[in-house]
Amino acid sequence: MDKLSDKIFGSDFVNHFDGDQSGNLQPRQTPGVLYSKAMPTPVAKPTLLAWTDNLAERLACLKPIEQADISILAGNLVTESMQPYAACYAGHQFGNWAGQLGDGRAIALGELKGIDGNAYEIQLKGAGPTPYSRRADGRAVLRSSVREYLMSEAMYYLGIPTTRALSLVSTGDKVLRDMFYDGHPEYEPGAIVTRVAPSFLRFGNFEMLAARKEYDNLKRLMDWVIARYYPHISEEGKYIKWFNEILDRTATLMVEWMRVGFVHGVMNTDNMSILGLTIDYGPYSFLDDYDPDFTPNTTDLPGRRYAFGNQGSIAYWNLGALANAIAPVVNDIPQLKESMAGYEEIFMNKYTAMMAAKLGFDQVKSGDREFIIDFEQMLVQLKPDMTIFYQLLMELPSTIENHIDLINHFDESFYIEPSGDVLNIFYNIIKSYLLRLKENTCTKEESKNKMLKANPRFILRNYLLHQAIEDLTNGNSELFDKLQQAIKEPYSNKFDEFFKLRPDWASQKAGCSMLSCSS
Ligand code: AMP
Ligand code: MG
(Lines give C-alpha, C1' and ligand atoms only; values in the text may rest on other atoms or scores of the structure.)
(Ligands and ions follow the chains in the order given, each with its own letter.)
Protein backbone atom coordinates (compact mmCIF):
# COMPACT_ATOMS: atom_id res chain seq x y z
CA MET A 1 0.00 0.00 0.00
CA ASP A 2 1.32 3.41 -1.00
CA LYS A 3 0.37 6.96 -0.32
CA LEU A 4 -1.37 8.60 -3.27
CA SER A 5 1.47 11.09 -3.59
CA ASP A 6 3.96 8.22 -3.97
CA LYS A 7 1.95 6.41 -6.62
CA ILE A 8 3.29 6.13 -10.16
CA PHE A 9 0.54 6.95 -12.65
CA GLY A 10 0.51 5.41 -16.11
CA SER A 11 -0.65 7.28 -19.20
CA ASP A 12 -1.29 4.69 -21.85
CA PHE A 13 -4.19 6.53 -23.49
CA VAL A 14 -2.31 9.82 -23.60
CA ASN A 15 0.85 8.21 -24.92
CA HIS A 16 -0.95 6.21 -27.58
CA PHE A 17 -3.08 8.94 -29.17
CA ASP A 18 -2.67 12.44 -30.49
CA GLY A 19 -3.75 15.14 -28.09
CA ASP A 20 -3.70 18.89 -27.89
CA GLN A 21 -0.66 19.51 -25.67
CA SER A 22 -1.04 23.29 -25.47
CA GLY A 23 -2.63 23.23 -22.03
CA ASN A 24 -4.95 26.01 -23.20
CA LEU A 25 -8.23 25.74 -21.28
CA GLN A 26 -10.26 28.13 -23.46
CA PRO A 27 -13.43 26.45 -24.76
CA ARG A 28 -12.91 25.39 -28.36
CA GLN A 29 -13.27 22.69 -30.99
CA THR A 30 -10.29 20.34 -31.07
CA PRO A 31 -10.28 18.54 -34.44
CA GLY A 32 -7.62 15.92 -35.08
CA VAL A 33 -7.05 14.94 -31.44
CA LEU A 34 -8.63 12.53 -28.96
CA TYR A 35 -7.95 14.62 -25.87
CA SER A 36 -6.53 17.87 -24.60
CA LYS A 37 -3.98 18.27 -21.89
CA ALA A 38 -5.81 19.99 -19.01
CA MET A 39 -4.45 20.84 -15.58
CA PRO A 40 -6.95 20.90 -12.72
CA THR A 41 -7.65 24.36 -11.29
CA PRO A 42 -6.80 24.51 -7.57
CA VAL A 43 -9.54 25.02 -4.98
CA ALA A 44 -9.58 26.96 -1.70
CA LYS A 45 -9.75 24.37 1.05
CA PRO A 46 -9.97 20.66 0.22
CA THR A 47 -11.51 18.51 2.95
CA LEU A 48 -11.93 14.77 2.68
CA LEU A 49 -15.60 13.84 3.24
CA ALA A 50 -15.52 10.19 2.17
CA TRP A 51 -13.01 7.55 1.19
CA THR A 52 -13.77 4.09 -0.21
CA ASP A 53 -11.58 1.58 1.64
CA ASN A 54 -12.74 -1.38 -0.42
CA LEU A 55 -11.68 0.26 -3.69
CA ALA A 56 -8.53 1.79 -2.23
CA GLU A 57 -7.35 -1.69 -1.20
CA ARG A 58 -7.76 -2.88 -4.78
CA LEU A 59 -5.60 0.00 -5.92
CA ALA A 60 -3.13 -0.58 -3.06
CA CYS A 61 -3.72 2.98 -1.97
CA LEU A 62 -3.46 4.30 1.58
CA LYS A 63 -6.15 6.52 2.99
CA PRO A 64 -5.00 10.12 2.69
CA ILE A 65 -4.09 11.63 6.02
CA GLU A 66 -1.54 14.20 4.96
CA GLN A 67 -2.73 17.31 3.18
CA ALA A 68 -0.60 16.46 0.12
CA ASP A 69 -2.69 13.36 -0.57
CA ILE A 70 -5.98 15.16 -0.04
CA SER A 71 -4.68 17.88 -2.38
CA ILE A 72 -4.36 15.31 -5.16
CA LEU A 73 -8.04 14.42 -4.78
CA ALA A 74 -8.95 18.09 -5.15
CA GLY A 75 -6.72 18.85 -8.11
CA ASN A 76 -4.45 21.05 -5.99
CA LEU A 77 -1.44 18.79 -6.45
CA VAL A 78 -0.38 17.10 -9.68
CA THR A 79 2.51 14.73 -9.17
CA GLU A 80 5.31 14.13 -11.66
CA SER A 81 3.98 10.93 -13.21
CA MET A 82 0.52 12.36 -13.93
CA GLN A 83 -0.42 13.67 -17.36
CA PRO A 84 -3.87 15.17 -16.73
CA TYR A 85 -6.20 15.32 -19.70
CA ALA A 86 -9.79 15.83 -20.79
CA ALA A 87 -11.14 13.46 -23.45
CA CYS A 88 -12.81 14.75 -26.59
CA TYR A 89 -16.13 13.12 -27.37
CA ALA A 90 -19.41 13.96 -29.03
CA GLY A 91 -22.90 12.57 -28.63
CA HIS A 92 -26.59 12.44 -29.35
CA GLN A 93 -28.53 14.21 -26.62
CA PHE A 94 -32.24 13.38 -26.38
CA GLY A 95 -31.96 11.86 -29.85
CA ASN A 96 -30.36 14.90 -31.49
CA TRP A 97 -26.81 15.21 -32.71
CA ALA A 98 -25.02 17.57 -30.31
CA GLY A 99 -21.56 17.71 -31.91
CA GLN A 100 -18.45 17.99 -29.77
CA LEU A 101 -19.06 17.70 -26.02
CA GLY A 102 -16.05 16.21 -24.21
CA ASP A 103 -14.96 16.06 -20.57
CA GLY A 104 -16.19 19.49 -19.54
CA ARG A 105 -15.84 18.95 -15.83
CA ALA A 106 -13.81 15.75 -15.61
CA ILE A 107 -10.03 15.55 -15.70
CA ALA A 108 -8.24 12.21 -15.81
CA LEU A 109 -5.00 12.14 -13.85
CA GLY A 110 -3.77 8.88 -15.34
CA GLU A 111 -3.95 5.17 -14.54
CA LEU A 112 -3.14 3.21 -11.43
CA LYS A 113 -2.31 -0.47 -11.49
CA GLY A 114 -4.79 -2.51 -9.47
CA ILE A 115 -3.76 -5.53 -7.40
CA ASP A 116 -5.52 -7.60 -10.08
CA GLY A 117 -2.90 -6.43 -12.57
CA ASN A 118 -5.31 -4.25 -14.55
CA ALA A 119 -4.97 -0.51 -15.04
CA TYR A 120 -7.66 1.83 -13.72
CA GLU A 121 -8.27 5.39 -14.86
CA ILE A 122 -8.42 7.90 -12.03
CA GLN A 123 -10.59 10.87 -12.85
CA LEU A 124 -11.52 14.01 -10.92
CA LYS A 125 -15.07 15.19 -11.56
CA GLY A 126 -15.49 18.90 -10.90
CA ALA A 127 -11.80 19.89 -11.05
CA GLY A 128 -12.26 23.01 -13.14
CA PRO A 129 -12.58 24.06 -16.75
CA THR A 130 -11.25 22.17 -19.74
CA PRO A 131 -11.42 23.03 -23.45
CA TYR A 132 -14.72 21.10 -23.42
CA SER A 133 -16.46 23.10 -20.69
CA ARG A 134 -18.29 25.20 -23.29
CA ARG A 135 -20.09 27.94 -21.34
CA ALA A 136 -20.04 26.08 -18.01
CA ASP A 137 -17.56 26.27 -15.13
CA GLY A 138 -16.11 22.76 -14.94
CA ARG A 139 -17.22 22.47 -11.33
CA ALA A 140 -19.58 20.17 -9.47
CA VAL A 141 -21.68 20.95 -6.39
CA LEU A 142 -21.78 18.94 -3.18
CA ARG A 143 -25.36 17.87 -3.90
CA SER A 144 -24.55 16.14 -7.20
CA SER A 145 -21.20 14.84 -5.95
CA VAL A 146 -22.76 13.09 -2.95
CA ARG A 147 -25.27 11.56 -5.34
CA GLU A 148 -22.55 10.27 -7.67
CA TYR A 149 -20.33 9.07 -4.83
CA LEU A 150 -23.03 7.09 -3.03
CA MET A 151 -24.90 5.79 -6.03
CA SER A 152 -21.94 4.46 -7.98
CA GLU A 153 -20.89 2.52 -4.88
CA ALA A 154 -24.48 1.40 -4.27
CA MET A 155 -24.60 -0.01 -7.79
CA TYR A 156 -21.31 -1.81 -7.22
CA TYR A 157 -22.71 -3.56 -4.16
CA LEU A 158 -25.93 -4.38 -6.00
CA GLY A 159 -23.68 -6.29 -8.39
CA ILE A 160 -24.33 -4.01 -11.36
CA PRO A 161 -21.51 -2.99 -13.75
CA THR A 162 -20.51 0.56 -12.88
CA THR A 163 -17.76 3.11 -12.60
CA ARG A 164 -16.73 3.52 -8.98
CA ALA A 165 -15.93 6.36 -6.61
CA LEU A 166 -12.75 6.49 -4.54
CA SER A 167 -13.29 9.73 -2.68
CA LEU A 168 -15.43 12.76 -2.10
CA VAL A 169 -13.86 16.07 -1.12
CA SER A 170 -15.44 19.42 -0.48
CA THR A 171 -13.53 22.23 -2.11
CA GLY A 172 -14.22 25.15 0.20
CA ASP A 173 -15.34 27.13 -2.88
CA LYS A 174 -18.86 28.15 -3.76
CA VAL A 175 -20.39 27.27 -7.10
CA LEU A 176 -23.27 29.16 -8.72
CA ARG A 177 -26.11 26.93 -9.92
CA ASP A 178 -29.59 27.53 -11.27
CA MET A 179 -30.94 24.29 -9.85
CA PHE A 180 -34.44 24.66 -11.28
CA TYR A 181 -33.46 26.47 -14.49
CA ASP A 182 -35.84 29.24 -13.46
CA GLY A 183 -33.47 32.21 -13.52
CA HIS A 184 -32.72 32.10 -9.78
CA PRO A 185 -29.16 30.85 -9.45
CA GLU A 186 -27.75 30.34 -5.97
CA TYR A 187 -24.35 29.61 -4.52
CA GLU A 188 -23.81 26.03 -3.39
CA PRO A 189 -20.78 24.32 -1.83
CA GLY A 190 -18.43 22.80 -4.40
CA ALA A 191 -17.09 19.24 -4.30
CA ILE A 192 -15.03 16.77 -6.31
CA VAL A 193 -15.54 13.04 -6.72
CA THR A 194 -12.62 10.85 -7.74
CA ARG A 195 -14.03 8.32 -10.17
CA VAL A 196 -12.38 5.04 -11.08
CA ALA A 197 -13.00 2.72 -14.04
CA PRO A 198 -10.92 0.63 -16.42
CA SER A 199 -11.98 3.19 -19.01
CA PHE A 200 -14.36 6.12 -19.27
CA LEU A 201 -14.61 5.85 -23.05
CA ARG A 202 -18.15 6.29 -24.32
CA PHE A 203 -20.03 5.66 -27.54
CA GLY A 204 -19.54 9.39 -28.09
CA ASN A 205 -15.75 9.10 -28.39
CA PHE A 206 -16.27 6.97 -31.50
CA GLU A 207 -19.07 9.19 -32.81
CA MET A 208 -16.78 12.22 -32.61
CA LEU A 209 -14.11 10.68 -34.82
CA ALA A 210 -16.66 9.38 -37.31
CA ALA A 211 -18.39 12.75 -37.56
CA ARG A 212 -15.04 14.38 -38.29
CA LYS A 213 -14.23 11.64 -40.79
CA GLU A 214 -10.99 10.94 -38.91
CA TYR A 215 -11.10 7.30 -39.88
CA ASP A 216 -7.44 6.58 -39.06
CA ASN A 217 -7.95 7.83 -35.53
CA LEU A 218 -11.23 5.91 -35.34
CA LYS A 219 -9.56 2.65 -36.38
CA ARG A 220 -6.67 3.21 -33.98
CA LEU A 221 -9.10 3.82 -31.11
CA MET A 222 -11.10 0.70 -31.95
CA ASP A 223 -7.94 -1.42 -32.19
CA TRP A 224 -6.64 -0.05 -28.92
CA VAL A 225 -9.93 -0.66 -27.06
CA ILE A 226 -10.18 -4.20 -28.38
CA ALA A 227 -6.55 -5.07 -27.55
CA ARG A 228 -6.77 -3.54 -24.10
CA TYR A 229 -10.28 -4.28 -22.87
CA TYR A 230 -11.45 -7.14 -25.10
CA PRO A 231 -8.19 -9.12 -25.43
CA HIS A 232 -10.04 -12.44 -25.83
CA ILE A 233 -11.41 -11.34 -29.23
CA SER A 234 -9.53 -13.08 -32.04
CA GLU A 235 -8.40 -11.25 -35.17
CA GLU A 236 -10.84 -12.62 -37.74
CA GLY A 237 -13.95 -10.45 -37.95
CA LYS A 238 -12.84 -8.76 -34.74
CA TYR A 239 -14.82 -5.54 -35.18
CA ILE A 240 -18.14 -7.35 -35.49
CA LYS A 241 -17.29 -9.65 -32.60
CA TRP A 242 -16.45 -6.57 -30.58
CA PHE A 243 -19.67 -4.78 -31.49
CA ASN A 244 -21.66 -7.90 -30.61
CA GLU A 245 -20.03 -7.98 -27.22
CA ILE A 246 -20.77 -4.30 -26.55
CA LEU A 247 -24.36 -4.98 -27.60
CA ASP A 248 -24.56 -7.95 -25.25
CA ARG A 249 -23.03 -6.04 -22.32
CA THR A 250 -25.34 -3.08 -22.92
CA ALA A 251 -28.40 -5.35 -22.99
CA THR A 252 -27.22 -6.95 -19.74
CA LEU A 253 -26.79 -3.54 -18.16
CA MET A 254 -30.31 -2.45 -19.10
CA VAL A 255 -31.77 -5.65 -17.65
CA GLU A 256 -29.77 -5.19 -14.48
CA TRP A 257 -31.03 -1.63 -14.10
CA MET A 258 -34.57 -2.87 -14.53
CA ARG A 259 -34.06 -5.66 -12.03
CA VAL A 260 -33.49 -3.15 -9.24
CA GLY A 261 -35.75 -0.36 -10.55
CA PHE A 262 -32.95 2.01 -11.56
CA VAL A 263 -33.70 4.86 -13.98
CA HIS A 264 -30.56 6.52 -15.35
CA GLY A 265 -32.34 9.64 -16.55
CA VAL A 266 -29.84 10.86 -19.21
CA MET A 267 -29.11 8.00 -21.58
CA ASN A 268 -27.45 10.23 -24.16
CA THR A 269 -24.82 8.46 -26.26
CA ASP A 270 -22.08 10.39 -24.45
CA ASN A 271 -23.26 8.65 -21.28
CA MET A 272 -23.02 5.12 -22.69
CA SER A 273 -19.89 3.26 -21.64
CA ILE A 274 -17.96 1.28 -24.24
CA LEU A 275 -17.44 -1.34 -21.49
CA GLY A 276 -21.13 -1.63 -20.59
CA LEU A 277 -20.75 0.18 -17.25
CA THR A 278 -23.24 2.51 -15.61
CA ILE A 279 -21.62 5.88 -16.13
CA ASP A 280 -22.46 9.51 -15.28
CA TYR A 281 -24.76 9.66 -12.32
CA GLY A 282 -26.97 12.72 -12.79
CA PRO A 283 -30.74 12.96 -12.32
CA TYR A 284 -31.12 9.21 -11.73
CA SER A 285 -33.66 7.59 -9.44
CA PHE A 286 -34.90 4.27 -8.25
CA LEU A 287 -38.57 3.61 -8.79
CA ASP A 288 -40.61 3.99 -5.67
CA ASP A 289 -44.14 3.23 -6.96
CA TYR A 290 -44.01 0.97 -9.99
CA ASP A 291 -44.39 3.12 -13.11
CA PRO A 292 -42.66 2.32 -16.42
CA ASP A 293 -43.32 5.90 -17.60
CA PHE A 294 -41.44 7.45 -14.72
CA THR A 295 -38.52 9.70 -15.64
CA PRO A 296 -36.64 11.48 -12.87
CA ASN A 297 -35.20 14.10 -15.24
CA THR A 298 -37.15 17.37 -15.52
CA THR A 299 -35.55 18.02 -18.93
CA ASP A 300 -36.92 14.69 -20.14
CA LEU A 301 -40.50 15.48 -19.17
CA PRO A 302 -42.14 16.34 -22.46
CA GLY A 303 -41.10 13.11 -24.23
CA ARG A 304 -40.18 10.76 -21.36
CA ARG A 305 -37.54 9.36 -23.68
CA TYR A 306 -35.47 8.10 -20.75
CA ALA A 307 -38.34 6.70 -18.69
CA PHE A 308 -37.79 3.46 -16.74
CA GLY A 309 -39.60 1.20 -19.19
CA ASN A 310 -37.90 2.74 -22.24
CA GLN A 311 -34.34 1.99 -21.25
CA GLY A 312 -34.05 -1.24 -23.22
CA SER A 313 -35.16 0.38 -26.46
CA ILE A 314 -33.12 3.54 -25.92
CA ALA A 315 -30.05 1.35 -25.50
CA TYR A 316 -30.90 -0.13 -28.90
CA TRP A 317 -31.14 3.35 -30.40
CA ASN A 318 -27.78 4.27 -28.86
CA LEU A 319 -26.18 1.09 -30.15
CA GLY A 320 -27.44 2.10 -33.60
CA ALA A 321 -25.58 5.40 -33.22
CA LEU A 322 -22.44 3.48 -32.28
CA ALA A 323 -22.89 1.10 -35.21
CA ASN A 324 -23.17 4.08 -37.56
CA ALA A 325 -20.03 5.58 -36.10
CA ILE A 326 -17.84 2.49 -36.44
CA ALA A 327 -19.32 1.41 -39.80
CA PRO A 328 -16.56 3.04 -41.93
CA VAL A 329 -13.94 0.90 -40.17
CA VAL A 330 -16.00 -2.28 -39.79
CA ASN A 331 -16.72 -2.09 -43.49
CA ASP A 332 -19.49 -4.69 -43.30
CA ILE A 333 -22.83 -2.96 -43.04
CA PRO A 334 -24.96 -6.09 -43.58
CA GLN A 335 -23.24 -7.73 -40.61
CA LEU A 336 -23.74 -4.67 -38.42
CA LYS A 337 -27.41 -4.63 -39.39
CA GLU A 338 -27.68 -8.29 -38.50
CA SER A 339 -26.11 -7.65 -35.10
CA MET A 340 -28.58 -4.85 -34.46
CA ALA A 341 -31.46 -7.06 -35.56
CA GLY A 342 -30.42 -9.60 -32.92
CA TYR A 343 -30.71 -7.10 -30.07
CA GLU A 344 -34.37 -7.56 -29.30
CA GLU A 345 -34.11 -11.28 -28.79
CA ILE A 346 -30.92 -10.99 -26.74
CA PHE A 347 -32.54 -8.33 -24.56
CA MET A 348 -35.80 -10.27 -24.16
CA ASN A 349 -34.04 -13.49 -23.22
CA LYS A 350 -32.00 -11.73 -20.58
CA TYR A 351 -35.03 -9.80 -19.40
CA THR A 352 -37.19 -12.89 -19.06
CA ALA A 353 -34.46 -14.78 -17.20
CA MET A 354 -34.05 -11.82 -14.84
CA MET A 355 -37.80 -11.63 -14.18
CA ALA A 356 -37.97 -15.38 -13.66
CA ALA A 357 -35.31 -15.01 -10.97
CA LYS A 358 -37.18 -12.13 -9.32
CA LEU A 359 -40.29 -14.31 -9.25
CA GLY A 360 -38.46 -17.39 -7.96
CA PHE A 361 -39.06 -19.61 -11.00
CA ASP A 362 -36.75 -22.60 -11.40
CA GLN A 363 -36.31 -21.84 -15.10
CA VAL A 364 -38.08 -20.08 -17.95
CA LYS A 365 -40.87 -22.41 -19.10
CA SER A 366 -43.31 -22.02 -21.93
CA GLY A 367 -45.98 -19.59 -20.85
CA ASP A 368 -43.66 -17.74 -18.47
CA ARG A 369 -42.99 -14.89 -20.86
CA GLU A 370 -46.73 -14.26 -21.21
CA PHE A 371 -47.17 -14.54 -17.45
CA ILE A 372 -44.44 -11.96 -16.87
CA ILE A 373 -46.19 -9.52 -19.22
CA ASP A 374 -49.47 -9.97 -17.35
CA PHE A 375 -47.71 -9.69 -14.01
CA GLU A 376 -46.11 -6.39 -15.01
CA GLN A 377 -49.39 -5.09 -16.42
CA MET A 378 -50.87 -5.82 -13.03
CA LEU A 379 -48.04 -3.90 -11.32
CA VAL A 380 -48.68 -0.92 -13.59
CA GLN A 381 -52.24 -0.77 -12.27
CA LEU A 382 -51.44 -1.60 -8.68
CA LYS A 383 -48.49 0.85 -8.48
CA PRO A 384 -47.02 -0.69 -5.35
CA ASP A 385 -43.59 0.20 -4.08
CA MET A 386 -41.48 -1.99 -6.36
CA THR A 387 -38.80 -2.93 -3.83
CA ILE A 388 -41.13 -3.62 -0.94
CA PHE A 389 -43.54 -5.53 -3.17
CA TYR A 390 -40.94 -8.06 -4.28
CA GLN A 391 -39.72 -8.49 -0.71
CA LEU A 392 -43.27 -9.35 0.36
CA LEU A 393 -43.64 -11.64 -2.63
CA MET A 394 -40.79 -13.71 -1.21
CA GLU A 395 -42.81 -14.24 1.96
CA LEU A 396 -46.05 -15.17 0.20
CA PRO A 397 -47.81 -18.13 1.86
CA SER A 398 -48.60 -21.05 -0.45
CA THR A 399 -52.31 -20.26 -0.37
CA ILE A 400 -54.15 -16.96 -0.35
CA GLU A 401 -57.77 -17.47 0.59
CA ASN A 402 -59.37 -14.15 -0.28
CA HIS A 403 -58.94 -10.49 -1.11
CA ILE A 404 -58.50 -9.51 2.52
CA ASP A 405 -55.63 -11.93 3.01
CA LEU A 406 -54.03 -10.59 -0.14
CA ILE A 407 -54.33 -6.95 0.92
CA ASN A 408 -53.02 -7.74 4.37
CA HIS A 409 -50.03 -9.56 3.01
CA PHE A 410 -48.93 -6.78 0.67
CA ASP A 411 -50.14 -3.90 2.83
CA GLU A 412 -46.70 -2.42 3.48
CA SER A 413 -46.10 -1.95 -0.25
CA PHE A 414 -49.19 0.11 -1.14
CA TYR A 415 -49.20 3.82 -1.80
CA ILE A 416 -52.88 3.35 -2.63
CA GLU A 417 -54.82 0.33 -1.34
CA PRO A 418 -56.30 -1.57 -4.30
CA SER A 419 -60.01 -2.10 -4.79
CA GLY A 420 -62.48 -2.99 -7.56
CA ASP A 421 -61.05 -4.24 -10.85
CA VAL A 422 -57.45 -3.66 -9.85
CA LEU A 423 -57.92 -5.85 -6.79
CA ASN A 424 -59.57 -8.58 -8.87
CA ILE A 425 -56.75 -8.59 -11.38
CA PHE A 426 -54.19 -8.61 -8.57
CA TYR A 427 -55.92 -11.57 -6.89
CA ASN A 428 -56.11 -13.59 -10.12
CA ILE A 429 -52.48 -12.97 -11.00
CA ILE A 430 -51.29 -14.00 -7.56
CA LYS A 431 -53.41 -17.18 -7.83
CA SER A 432 -51.75 -18.02 -11.18
CA TYR A 433 -48.39 -17.16 -9.66
CA LEU A 434 -48.90 -19.61 -6.82
CA LEU A 435 -49.89 -22.31 -9.33
CA ARG A 436 -46.79 -21.58 -11.40
CA LEU A 437 -44.59 -21.86 -8.29
CA LYS A 438 -46.01 -25.35 -7.71
CA GLU A 439 -44.59 -26.35 -11.11
CA ASN A 440 -41.06 -25.52 -9.95
CA THR A 441 -38.85 -28.61 -9.98
CA CYS A 442 -36.44 -27.02 -7.51
CA THR A 443 -37.00 -26.85 -3.77
CA LYS A 444 -38.77 -23.92 -2.12
CA GLU A 445 -35.49 -22.95 -0.56
CA GLU A 446 -33.71 -22.84 -3.91
CA SER A 447 -36.49 -20.73 -5.35
CA LYS A 448 -36.29 -18.33 -2.41
CA ASN A 449 -32.51 -18.10 -2.69
CA LYS A 450 -32.90 -17.03 -6.29
CA MET A 451 -35.34 -14.35 -5.24
CA LEU A 452 -33.07 -13.17 -2.44
CA LYS A 453 -30.28 -12.55 -4.91
CA ALA A 454 -32.49 -10.89 -7.52
CA ASN A 455 -34.47 -8.58 -5.24
CA PRO A 456 -32.72 -5.86 -3.25
CA ARG A 457 -34.19 -4.92 0.11
CA PHE A 458 -32.33 -1.67 0.57
CA ILE A 459 -32.25 0.85 -2.27
CA LEU A 460 -30.77 4.33 -2.16
CA ARG A 461 -33.95 6.35 -2.59
CA ASN A 462 -33.78 9.95 -3.72
CA TYR A 463 -35.44 11.28 -0.58
CA LEU A 464 -32.77 9.62 1.57
CA LEU A 465 -30.07 11.21 -0.55
CA HIS A 466 -31.87 14.52 -0.32
CA GLN A 467 -31.98 14.34 3.48
CA ALA A 468 -28.36 13.23 3.73
CA ILE A 469 -27.23 16.13 1.53
CA GLU A 470 -29.28 18.65 3.48
CA ASP A 471 -27.82 17.38 6.77
CA LEU A 472 -24.30 17.35 5.38
CA THR A 473 -24.67 20.94 4.23
CA ASN A 474 -25.62 21.78 7.82
CA GLY A 475 -22.57 19.98 9.18
CA ASN A 476 -24.30 16.75 10.19
CA SER A 477 -22.92 13.62 8.54
CA GLU A 478 -24.89 11.00 10.50
CA LEU A 479 -27.25 9.96 7.70
CA PHE A 480 -24.51 10.19 5.05
CA ASP A 481 -22.35 7.83 7.13
CA LYS A 482 -25.23 5.45 7.67
CA LEU A 483 -26.08 5.35 3.97
CA GLN A 484 -22.45 4.52 3.20
CA GLN A 485 -22.93 1.42 5.34
CA ALA A 486 -26.40 0.53 4.09
CA ILE A 487 -25.40 0.52 0.41
CA LYS A 488 -22.99 -2.30 1.20
CA GLU A 489 -25.80 -4.64 2.28
CA PRO A 490 -28.60 -4.17 -0.24
CA TYR A 491 -29.83 -7.75 -0.06
CA SER A 492 -29.93 -8.09 3.73
CA ASN A 493 -32.39 -6.85 6.34
CA LYS A 494 -29.67 -5.20 8.36
CA PHE A 495 -30.85 -1.71 7.48
CA ASP A 496 -34.57 -2.28 7.81
CA GLU A 497 -34.95 1.15 9.38
CA PHE A 498 -35.03 2.26 5.70
CA PHE A 499 -37.48 -0.46 4.65
CA LYS A 500 -40.51 1.73 4.22
CA LEU A 501 -42.51 3.60 1.61
CA ARG A 502 -41.27 6.92 0.27
CA PRO A 503 -42.86 9.45 2.67
CA ASP A 504 -45.65 11.69 1.36
CA TRP A 505 -43.62 14.88 1.68
CA ALA A 506 -41.05 13.52 -0.77
CA SER A 507 -43.41 12.62 -3.58
CA GLN A 508 -43.50 16.09 -5.13
CA LYS A 509 -40.48 17.74 -3.58
CA ALA A 510 -37.72 18.79 -5.99
CA GLY A 511 -34.62 16.70 -5.50
CA CYS A 512 -36.69 13.82 -4.13
CA SER A 513 -38.92 13.04 -7.05
CA MET A 514 -37.69 15.05 -10.03
CA LEU A 515 -34.20 16.36 -10.61
CA SER A 516 -32.62 18.66 -13.13
CA CYS A 517 -29.31 18.00 -14.88
CA SER A 518 -27.87 21.06 -13.14
CA SER A 519 -24.82 19.96 -11.23
P1 AMP B 1 -23.96 15.27 -18.72
O2 AMP B 1 -25.38 15.65 -19.03
O3 AMP B 1 -23.61 15.40 -17.28
O4 AMP B 1 -23.58 13.96 -19.29
O5 AMP B 1 -23.05 16.38 -19.44
C6 AMP B 1 -23.10 16.66 -20.83
C7 AMP B 1 -21.93 17.49 -21.24
O8 AMP B 1 -21.92 18.74 -20.54
C9 AMP B 1 -20.56 16.87 -21.00
O10 AMP B 1 -19.71 17.25 -22.04
C11 AMP B 1 -20.14 17.50 -19.70
O12 AMP B 1 -18.75 17.50 -19.53
C13 AMP B 1 -20.69 18.92 -19.85
N14 AMP B 1 -20.92 19.55 -18.56
C15 AMP B 1 -21.93 19.30 -17.69
N16 AMP B 1 -21.82 20.07 -16.59
C17 AMP B 1 -20.72 20.84 -16.76
C18 AMP B 1 -20.08 21.84 -15.98
N19 AMP B 1 -20.52 22.22 -14.78
N20 AMP B 1 -18.96 22.41 -16.50
C21 AMP B 1 -18.49 22.06 -17.70
N22 AMP B 1 -19.05 21.12 -18.47
C23 AMP B 1 -20.15 20.52 -18.02
MG1 MG C 1 -21.99 12.92 -19.33
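1. Helices (H or I, at least four residues) and strands (E, at least two) are taken here as DSSP runs and are numbered from the N terminus. With these labels Arg-304 can be placed in the loop that lies between strand E13 (285-286) and helix H8 (311-330). The model is a predicted one, and each point below should be read with that in mind.

2. Two residues deserve a look for their backbone angles. Most residues other than glycine have a negative phi. Arg-304, although it is not a glycine, has a positive phi of about 50°, and Asn-331, which is not a glycine either, has a positive phi of about 60°. Asn-331 sits in the loop between H8 and helix H9 (333-341). As for their surroundings, Arg-304 counts as partly exposed because its relative accessible area is 34%, while Asn-331 counts as exposed, since its relative accessible area is 67% and the cut-off for exposed is over 50%.

3. The strands E7 (residues 106-113) and E8 run antiparallel and are joined by seven bridges. Together E7 and E8 form a hairpin with five residues between them, and in the turn Gly-117 has a positive phi of about 90°. Two of the pairings can be followed in the structure: Glu-111 has Glu-121 of E8 as its bridge partner, and Ala-106 is paired in E8 with Lys-125.

4. How many of the residues of E7 are buried? Seven of its eight residues are, so E7 is largely enclosed by the rest of the structure. Strand E8 (residues 119-125) is mostly covered as well, with six of its seven residues buried. E8 also pairs with strand E11 (residues 186-197), the two running antiparallel and joined by five bridges, and in this pairing Lys-125 stands opposite Val-193 of E11. Lys-125 is therefore named in two pairings, with Ala-106 and with Val-193, and E8 is joined by bridges both to E7 and to E11.

5. In the loop between E11 and helix H5 (203-211) lies Ser-199. Is Ser-199 buried or exposed? It counts as buried, because its relative accessibility is 3% and buried means under 20%. The side chain of Ser-199 reaches the backbone nitrogen of Leu-201 at 3.0 Å. Leaving aside neighbours within four places in sequence, Ser-199 is in contact with Glu-121, Tyr-229, Leu-275 and Leu-277; of these, Glu-121 has already appeared as the bridge partner of Glu-111.

6. In soluble globular proteins, nonpolar side chains tend to be buried together. The largest nonpolar core in this model has 134 residues, of which Phe-206, Trp-242 and Leu-393 touch the most other members. Helix H7 (residues 238-260) gives the most to this core, with 13 residues. Apart from this core lies another, of 30 residues, among them Ala-38, Ala-56, Ala-127 and Tyr-132. To see how one member of the largest core is surrounded, the student might turn to Trp-242, which, leaving aside neighbours within four places in sequence, is in contact with Phe-206, Met-222, Val-225, Ile-226, Tyr-230, Ile-233, Ile-274 and Ile-326.

7. Which residues are the closest to ligand 1? The ligand is surrounded by 17 residues, and the closest are Gly-102, Gly-104, Arg-105, Arg-134 and Gly-138. Two of these offer polar backbone atoms: that of Gly-104 is 2.7 Å from an oxygen atom of ligand 1, and that of Gly-138 is 2.8 Å from a nitrogen atom of ligand 1.

8. The magnesium ion (ligand 2) is coordinated by Asn-271 (OD1) and Asp-280 (OD), at 1.9 to 2.2 Å. Asn-271 counts as buried because its relative accessibility is 10%, and Asp-280 is likewise buried, since its relative accessible area is 15%. Asp-280 links this point to the previous one, for a polar side-chain atom of Asp-280 also lies 3.4 Å from an oxygen atom of ligand 1.

9. A last point concerns Lys-431, which is found in helix H14 (residues 420-438). With a relative accessibility of 38%, Lys-431 counts as partly exposed. Lys-431 and Thr-194 are 237 residues apart in sequence, and in space they are 49 Å apart from C-alpha to C-alpha.

Conventions: Residues are numbered from 1 along each chain as its sequence is written. Chains are lettered from A and ligands numbered from 1 in the order in which they are written. This is a predicted model: local features need pLDDT of at least 70, side-chain atom pairs count only at pLDDT 80 or more; totals for chains, interfaces and linings use all residues. Side-chain values use heavy atoms; hydrogens and water are left out. Donors are N, O and S atoms within 2.8 Å of the metal (3.2 Å for Na, K and Ca); water is not among the atoms, so sites may look incomplete. Buried means under 20% relative accessible area, exposed over 50%, partly exposed in between (1.4 Å probe, protein chains only). Two strands pair if DSSP finds at least two bridges between them. A nonpolar core is a set of buried Ala, Val, Leu, Ile, Met, Phe, Trp, Tyr and Cys residues joined through side-chain atoms within 4.5 Å. Contact means heavy atoms within 4.5 Å. A residue is near a molecule or strand if one of its heavy atoms lies within 4 Å of it. A polar contact is a pair of N or O atoms within 3.5 Å; within protein, one must be able to donate a hydrogen and the other to accept it, and residues adjacent in sequence count only if both atoms are side-chain atoms.
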